[in-house]
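Please open the model in a viewer and keep the selection panel at hand. The stops below proceed one selection at a time.

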Amino acid sequence: MIRMFIDSDACPVKDEVYRVAGRYGLHVFVVSNRMIAVPQSPLIERVVVEAGPDVADDWIAERVSDRDIVITSDIPLAARCVEKGAFVIEPKGRLLDRDAIGMALAMRNLMTDLREAGVMTSNGASFGKADRSRFLSALDTLVVRARKPHPRAPMHRIE
């Protein structure tokens with residue numbers, strides 16, 4: 001069973017995740033280090049972890065497994081989840097898979113180094129309506145893809 005994990009403290013697309021999860025009957029873990037409101041649903045589980053750096057990330061990374069879906073903009077968390085075979089999507093709809101995660105990590109590290117050196121860097125464009133729409137479409141497509149039989153799964157013959 002595919003599960004969805006939301007790294008939710010700064011996630012602007014929680015409602016879209018709930019909508020897609022409801023359509024496909026997927027269980028959602030909403031993970032944060034503070035109490036946040038979630039809809040009443042047997043499919044949605046709020047997880048409040050202790051405050052601290054990377055505690056929510058660690059909770060997700062320890063539990064995610066092959067073919068689960070993680071919604072996060074945290075690149076190191078995304079890398080950990082991709083390594084475990086999970087699908088990762090950013091709130092703006094970009095899929096972070098084995099092909100994309102290396103470049104995303106390199107860019108993140110470069111930007112961190114530039115900021116530490118005192119170079120002014122941009123946080124990127126603000127989140128808008130087009131981003132929300134792109135995310136919703138990409139998540140729906142990703143769920144369909146994740147639900148397909150795993151290409152490495154053994155084929156069963158019907159005789």
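A salt bridge is counted here when a side-chain nitrogen of Lys or Arg lies within 4 Å of a carboxyl oxygen of Asp or Glu. The model is predicted, and by this rule it holds 7 salt bridges.

**Stop 1: arginine 132 and glutamate 16**

Select arginine 132 and glutamate 16, whose closest N and O atoms are 3.1 Å apart in a salt bridge. Arginine 132 lies in helix H5 and glutamate 16 in helix H1, so the pair ties together parts 116 residues apart in sequence. The two partners may then be coloured by accessibility: arginine 132 is partly exposed at 31% relative accessibility, whereas glutamate 16 is buried, with a relative accessible area of 5%.

**Stop 2: arginine 134 and aspartate 131**

Remain in helix H5 and select arginine 134 with aspartate 131. They form a salt bridge, with 2.8 Å between the closest N and O atoms. Because they are 3 residues apart in helix H5, about one helical turn separates them. Aspartate 131 is buried, at a relative accessible area of 10%, while arginine 134 counts as partly exposed at 41%.

**Stop 3: arginine 3 and aspartate 68**

Next, select arginine 3 and aspartate 68, whose side chains meet in a salt bridge at 2.7 Å, N to O. This pair links distant parts of the chain, 65 residues apart: arginine 3 belongs to strand E1, and aspartate 68 to the loop between H2 and E4. Aspartate 68 is buried, with a relative accessible area of 1%; arginine 3 is partly exposed, at 22%.

**Stop 4: arginine 67**

Move to arginine 67, in the loop between helix H2 (55-63) and strand E4 (69-71). Is arginine 67 buried or exposed? Its relative accessibility is 14%, so arginine 67 counts as buried. Even so, arginine 67 has no salt bridge, and the nearest side chain of opposite charge, that of aspartate 66, is 5.3 Å away. What lies 3.2 Å from a polar atom of the arginine 67 side chain? It is the backbone oxygen of alanine 146. A Ramachandran plot is also worth opening at this point: phi of arginine 67 is near 80°, a positive value in a residue other than glycine.

**Stop 5: aspartate 54**

Keep the plot open and select aspartate 54, in the loop between strand E3 (44-48) and H2. This residue, likewise not a glycine, has a positive phi, near 65°. Aspartate 54 is partly exposed, with a relative accessible area of 45%.

**Stop 6: helix H3 and its two ends**

Select residues 75-83, which make up helix H3; Ile75, Leu77, Ala78, Ala79, Cys81 and Val82 are buried there. At the N-terminal end, aspartate 74 caps the helix, with a side-chain oxygen 2.8 Å from the backbone nitrogen of leucine 77. Just after H3, glycine 85 takes a positive phi of about 90°.

**Stop 7: the nonpolar cores**

In soluble globular proteins, nonpolar side chains tend to be buried together. To see the largest nonpolar core, begin with Met4, Ile69, Ile71 and Leu139, the residues with the most contacts inside this set of 25. The elements that give two or more residues to it are strand E1 (3-7), helix H1 (14-24), strand E2 (27-32), E4, strand E5 (87-89) and helix H5 (129-147). Apart from this core lies another, of 19 residues, among them Val47, Leu77, Cys81 and Val88.

Now select leucine 139 by itself. Neighbours within four places in sequence aside, leucine 139 is in contact with Met4, Glu16, Val17, Val20, Ile69 and Ile89. Glutamate 16, named in that list, is the salt-bridge partner of arginine 132 from the opening stop.

**Stop 8: the whole chain**

Return to a view of the full chain, coloured by secondary structure. It comes to 5 helices and 6 strands, running β-α-β-β-α-β-α-β-β-α-α from the N terminus. Of the 159 residues, 39% count as buried. Among contacts between residues at least 6 apart in sequence, 48% join residues at least 24 apart.

Finally, colour by pLDDT. The chain averages 85, and 79% of the residues score at least 70. Over residues 153-159 the pLDDT is below 50, and this stretch has 0 contacts in the model beyond near neighbours in sequence.

Key
Residues are numbered from 1 along each chain as its sequence is written. Side-chain values use heavy atoms; hydrogens and water are left out. Helices (H or I, at least four residues) and strands (E, at least two) are DSSP runs, numbered from the N terminus. Buried means under 20% relative accessible area, exposed over 50%, partly exposed in between (1.4 Å probe, protein chains only). Lys and Arg count as positive and Asp and Glu as negative; His and the chain ends are not counted. A polar contact is a pair of N or O atoms within 3.5 Å; within protein, one must be able to donate a hydrogen and the other to accept it, and residues adjacent in sequence count only if both atoms are side-chain atoms. pLDDT is the predictor's confidence in each residue, from 0 to 100. Contact means heavy atoms within 4.5 Å. A nonpolar core is a set of buried Ala, Val, Leu, Ile, Met, Phe, Trp, Tyr and Cys residues joined through side-chain atoms within 4.5 Å.
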